[in-house]
Amino acid sequence: TTVPTVTLNDGRTIPQLGFGVFKVDPVETERIVTDALEVGYRHIDTARIYGNEAGVGRAIADSGIARDELFITTKLWNDDQGTQSAFDAFDRSLEQLGLDEVDLYLIHWPAPANDRFVEAWKALEKIRESGRARSIGVSNFTVPYLRRLLAETDVVPAVNQIELHPAHQQPATTALSAQHGIKIEAWGPLGQGKYNLFELPEVTASAEAHGKTPAQVVIRWHLQQGNIVFPKSNRRERMAENFDVFDFELTDAEQTAITALEREGRVASHPDDVN
Ligand code: NAD
């Protein structure tokens, strides 16, 4: 399977489909990421706060896959926002991952109570200049945070990783991101299993029409929207299912019907409240 790539505003490319490891137990991470790499995933999304960078690193090292075939993302945790604290946190993440560089480094949340995301971003600009993060981006940056960052710093983020699934599509944030050439990474792409997404007729009808599962239809919807996605599963058969989405295409009508499921149905925390 050849996963399509998306070209970022810094000229680098990212595989549009990857594998996320939020809530993957650190003890099991090496086995789970090894499964994902065997299934064919080459893009892994982790974070310092997940506590499992070391397991991701061991799986990478053991895989024998050439480094330049992999795309690895990690994230700066809120408590580490600042200048020296960001440099130190980045060094620790590289060490845990056992890598000399990551493909993408993100500010995990704006964390407005700290009011240090602008300073942290300037640190990420320096990290990018050093070559140890090939691309830099943000996560959970709604319109006011994104506007402030764009006004006060030099480098436009390559991506904005936000909660996005059919019930919660964040149109204002995606529109502003698009205006500035910032690609959207959709986290919680399956709604984290927290609502009846896989039972909605708009999803099941397409699944039946194409002989695919509801999860495959939702992942396909993301890909056709242009989103970068990395659904998570601990189970190898679901990893394979979620990767098997390149042999069909939703029609415009099917795509539009799923897009119409928007209802501001956030399933996780609002970025204003995460500090
Ligand atoms: P997700 O939407 O990928 O949902 C994962 C859950 O969906 C699984 O635990 C499982 O219960 C279910 N599932 C997966 N595949 C399935 C299938 N084929 N059939 C039926 N059920 C299936 O949620 P997520 O893990 O939160 O999001 C994906 C990734 O996004 C994370 O692993 C992480 O890398 C990233 N993320 C980032 C942030 C952030 O703040 N930046 C927050 C949350 C997640």
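A residue is counted as near a molecule if one of its heavy atoms lies within 4 Å of that molecule. The exercises below concern a predicted model.

**Exercise 1.** Determine which residues around the ligand come nearest, and how the residues of the shell divide by character.

*Solution.* Begin with the shell: 25 residues surround the ligand, and Asp 45, Ser 139, Leu 190, Gln 192 and Asn 242 come nearest. Next, sort the shell residues by class, which gives 11 nonpolar, nine polar and five charged. Finally, assign them to elements: helix 9 (residues 236-243) gives the most to this shell, with three residues.

**Exercise 2.** Identify side chains that place a polar atom by an oxygen atom of the ligand, and state how much of the ligand's accessible area the protein covers.

*Solution.* A polar contact requires N or O atoms within 3.5 Å. In the side chain of Gln 192, an N or O atom is 2.7 Å from a ligand oxygen. For Asn 140, the corresponding distance is 2.9 Å. A polar side-chain atom of His 108 lies 3.4 Å from an oxygen atom of the ligand. Of the 830 Å² of accessible area that the ligand has on its own, the protein covers 89%. As to location, the ligand sits in the largest pocket.

**Exercise 3.** Describe the backbone and exposure of Gln 192.

*Solution.* Most residues other than glycine have a negative phi. Gln 192 is not a glycine, yet its phi is positive, about 55°. This residue lies in the loop between strand 9 (183-187) and helix 7 (201-210). Partly exposed denotes the range between 20% and 50% relative accessible area; Gln 192 therefore counts as partly exposed, at 29%.

Key
Residues are numbered from 1 along each chain as its sequence is written. This is a predicted model: local features need pLDDT of at least 70, side-chain atom pairs count only at pLDDT 80 or more; totals for chains, interfaces and linings use all residues. Side-chain values use heavy atoms; hydrogens and water are left out. A polar contact is a pair of N or O atoms within 3.5 Å; within protein, one must be able to donate a hydrogen and the other to accept it, and residues adjacent in sequence count only if both atoms are side-chain atoms. Accessible areas come from the Shrake-Rupley method with a 1.4 Å probe; for residues, only the protein chains shown count as cover. On a 1 Å grid over the protein atoms alone, a cavity is a set of points where a 1.4 Å probe fits but cannot get out, and a pocket is an open set with protein on both sides within 12 Å along at least five of seven lines; lining residues have an atom within 4 Å of a point. A molecule sits in a cavity or pocket if more than half of its atoms lie within 2 Å of its grid points. Helices (H or I, at least four residues) and strands (E, at least two) are DSSP runs, numbered from the N terminus. Ala, Val, Leu, Ile, Met, Phe, Trp, Tyr, Cys and Pro count as nonpolar, Asp, Glu, Lys and Arg as charged, and the others, Gly among them, as polar. Buried means under 20% relative accessible area, exposed over 50%, partly exposed in between (1.4 Å probe, protein chains only).
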